[in-house]
Amino acid sequence: MKNIKKMVYGMLLIMFIIIFLLSLYNVLIYFFDKKENVEILQNISNYIGDYNNVNSGTKIDVGIDFDSLKKINSDTIGFIDLNETDVKFVVVKGNDNDYYLTHNFYKKNNKSGWIFADYKNKIDGSDKNIVIYGHNMKNGTMFSKIEEMYSSNCFSNFKYITFATEYETNLYEIFSVYQIENENYYATLNFKTDIEFDLFLKKIKKRSLYNFDIEVNSKDKIITLSTCGYDNDHRIVIHAVKL
């Protein structure tokens with residue numbers, strides 16, 4: 001009987017040790033992934049100049065050295081700034097919506113991933129809805145600030161999003177914020193008619209947890225930000241209209 005108890009205690013001890021080591025491993029991975037991405041942001045910050053002069057048109061100088069950024073990562077397509085926050089990222093676009101969930105700007109494996117546009121988006125100003133994704137990381141990186149602001153209702157100060165490409169820099173004003181089960185509807189990119197797009201706008205505006213009192217219609221263009229909510233089955237979504 002004593003031998004059986006010793007064996008059970010021994011097995012439990014081994015299990016606890018394994019669980020502890022796995023937890024420690026995950027903590028270290030999150031720490032080093034965050035450290036690596038912070039270093040990347042510091043390294044590429046030299047290529048980010050004054051992009052606050054909002055312009056539009058064919059390829060212009062938007063204050064960002066996209067040529068140099070593309071030499072580091074040819075998937076570079078833009079730069080996003082959630083105004084009044086520290087969320088400022090070079091945006092990439094891959095061949096699917098999976099790669100940058102697990103790879104950073106240097107294309108290295110990283111659980112924090114990177115900020116990326118929907119691979120079906122055309123970044124030439126023609127799309128009605130530009131969709132940008134990012135993880136809600138517990139280590140405080142990527143789009144984790146969005147979940148924090150959503151939970152604490154901080155959208156009174158945070159109203160604008162700047163999105164710059166090598167062709168133009170645009171300012172967007174938020175008109176809808178909500179949390180919803182994972183779906184594809186809010187990431188709709190192609191609209192056959194103005195009526196279809198208008199119905200889409202009305203639906204996503206009606207979903208909003210807050211009333212921003214911003215009018216949108218089928219002639220507008222929008223940007224959509226998506227990150228994980230309180231679990232992997234939900235998404236926190238922000239929609240903003242181009243000014």
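Let me start with one pair of residues, Thr224 and His239, because in this predicted model Thr224 stands opposite His239, and His239 belongs to strand 8. That pair is part of a longer arrangement, since strand 7 and strand 8, the latter covering residues 234–242, are joined by seven bridges and run antiparallel. If you follow the chain from strand 7 to strand 8, you pass through a hairpin of five residues.

Now let us stay with strand 7 and look at its other pairing. Strand 4, which covers residues 129–133, is joined to strand 7 by five bridges, and these two strands run parallel. Within that pairing, Tyr133 has Ser226 of strand 7 as its bridge partner.

Is strand 7, at residues 222–228, buried or exposed? Strand 7 is mostly covered, and seven of its seven residues are buried, where buried is taken as under 20% relative accessible area.

That brings me to the largest pocket, which holds about 370 Å³ of space. Its lining is made up of 18 residues, and the ones closest to the centre are Asn97, Tyr133, Asn182, Tyr186 and Arg235. You will recognise Tyr133 from a moment ago, as the bridge partner of Ser226. Which strand gives the most to the lining of this pocket? Here we return to strand 7, which gives the most, with three residues.

As for the character of that lining, the residues divide into six nonpolar, seven polar and five charged.

How values were computed
Residues numbered from 1 in each chain as written. Predicted model: local features only at pLDDT ≥ 70, side-chain atom pairs only at ≥ 80, totals over all residues. Heavy atoms only, no water. Buried < 20%, exposed > 50% of the residue type's maximum accessible area, 1.4 Å probe, protein only. Helix = DSSP H or I, 4+ residues; strand = E, 2+ residues; numbered from the N terminus. Pairing = 2+ DSSP bridges. 1 Å grid on protein atoms, 1.4 Å probe; cavity = no way out; pocket = protein on both sides within 12 Å on 5 of 7 lines; lining within 4 Å. Points joined across faces, edges and corners; volume = space filled by probe spheres on them. Nonpolar A, V, L, I, M, F, W, Y, C, P; charged D, E, K, R; others polar.
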